[in-house]
Amino acid sequence: MLEKRFGIIQDVFSNDILEQWQTIYKKNTITKTYAGDDCWGIDKECLSYNWFLKVVMPKLSDLFDKDMKLIFSSLIDLHTIFPIHNDIKPLPVNATGKHYLSILIPYSIDNKKENYNKVSTCFYDEDKKLQECITWKENSLIWWESDLLHASSDFKSNGIDSKQYFITHTYV
């Protein structure tokens, strides 16, 4: 198992790869996050599911557990500051296993490839006491155990209107 409950891996993806992924995600039906922000998701019922399993999942499972499976993944255009929460999501229909990791891949800030250092993902203990914030970095991957409390930083206070990212929820 992993030594820590969260972390960052830098220089994982190129801008070209992320641009290709963004194009595929945006071919899916647009939905909304609980706060009303735009979201393009991939799950077992989606036409992009096999693409995800063939292209994205191997890159993620090479970094973590080879037996990792997809609950769902999304490209999100977030304008709302996410409050403290965990990522315990329903497993796919007829699936068995336990929640594993959430994997966030920063895509852009205000739809530009700049100002990543003004955004972070913050992690909390079970009493909602801040443990650490990880600053976003271009072409990086931020991961955490699904049951870990986390939230977005107050990016609005840094003059950021929105952040775009891929988020993948997994189980083993």
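Trainee: What's the torsion about the S-S bond of Cys122 and Cys133?
Mentor: About 105 degrees, so the disulfide is right-handed. A disulfide here is a pair of cysteine sulfur atoms within 2.5 Å, and in this one the S to S distance is 2.2 Å. Bear in mind that the model is predicted: local features need pLDDT of at least 70 and side-chain atom pairs count only at pLDDT 80 or more, while totals for chains, interfaces and linings use all residues. Residues are numbered from 1 along each chain as its sequence is written, and side-chain values use heavy atoms, with hydrogens and water left out.

Trainee: Where do Cys122 and Cys133 sit in the chain?
Mentor: Cys122 is in strand S6 and Cys133 is in strand S7 (residues 130-135), 11 residues apart, so to speak of the pair is to speak of a link between distant parts of the chain. Strands are DSSP runs of E with at least two residues, helices are runs of H or I with at least four, and both are numbered from the N terminus.

Trainee: And is each one buried or exposed, starting with Cys122?
Mentor: Cys122 is buried, at 5% relative accessible area. Cys133 has 33% and counts as partly exposed. Buried means under 20%, exposed over 50% and partly exposed in between, with a 1.4 Å probe and protein chains only.

Trainee: How many disulfides are there by that rule?
Mentor: One.

Trainee: Then why is Cys39 not bonded to Cys46?
Mentor: The closest cysteine sulfur to that of Cys39 is in Cys46, and because it is 11 Å away, that's too far for a bond. Cys46 is in no disulfide either. Cys39 is buried at 9% relative accessibility, and Cys46 is buried at 16%.

Trainee: Back to S6 and S7. What's the order of the strands in their sheet?
Mentor: S7-S6-S9, an open sheet of three strands with antiparallel pairing. S7 and S9 are the edge strands, each pairing on one side only. Pairing means that DSSP finds at least two bridges between two strands.

Trainee: How many bridges join S6 to S7?
Mentor: Five. One of the partnerships there puts Tyr124 with Leu130 in S7. On the S9 side, S6 (residues 120-124) has four bridges, also antiparallel, and Cys122 stands opposite Ala151.

Trainee: Which S9 residues are buried, and on which side?
Mentor: Leu149 and Ala151 are buried on one side of S9 (residues 149-152), and His150 and Ser152 are buried on the other, so to put it briefly, both faces are covered.

Trainee: New topic: how many residues of S8 are buried?
Mentor: Five of its five, over residues 141-145. Leu141, Trp143 and Glu145 point one way, Ile142 and Trp144 the other.

Trainee: Which strands does S8 pair with?
Mentor: S1 (residues 6-9) is joined to S8 by four antiparallel bridges, with Ile8 opposite Ile142. S5 (residues 99-109) is joined to S8 by four bridges, again antiparallel, and Leu101 has Glu145 as its bridge partner.

Trainee: Last one, helices. At what angle do H1 and H2 cross?
Mentor: Roughly 145 degrees, with the axes of H1 (residues 15-25) and H2 (residues 49-63) coming within 12 Å. Those axes are lines fitted to C-alpha atoms over the stretch in contact, and the angles run from 0 to 180 degrees between N-to-C directions.

Trainee: Which residues make the contact?
Mentor: Ile17, Trp21, Ile24 and Tyr25 of H1, and Trp51, Phe52, Val55, Val56 and Lys59 of H2. Contact means heavy atoms within 4.5 Å.
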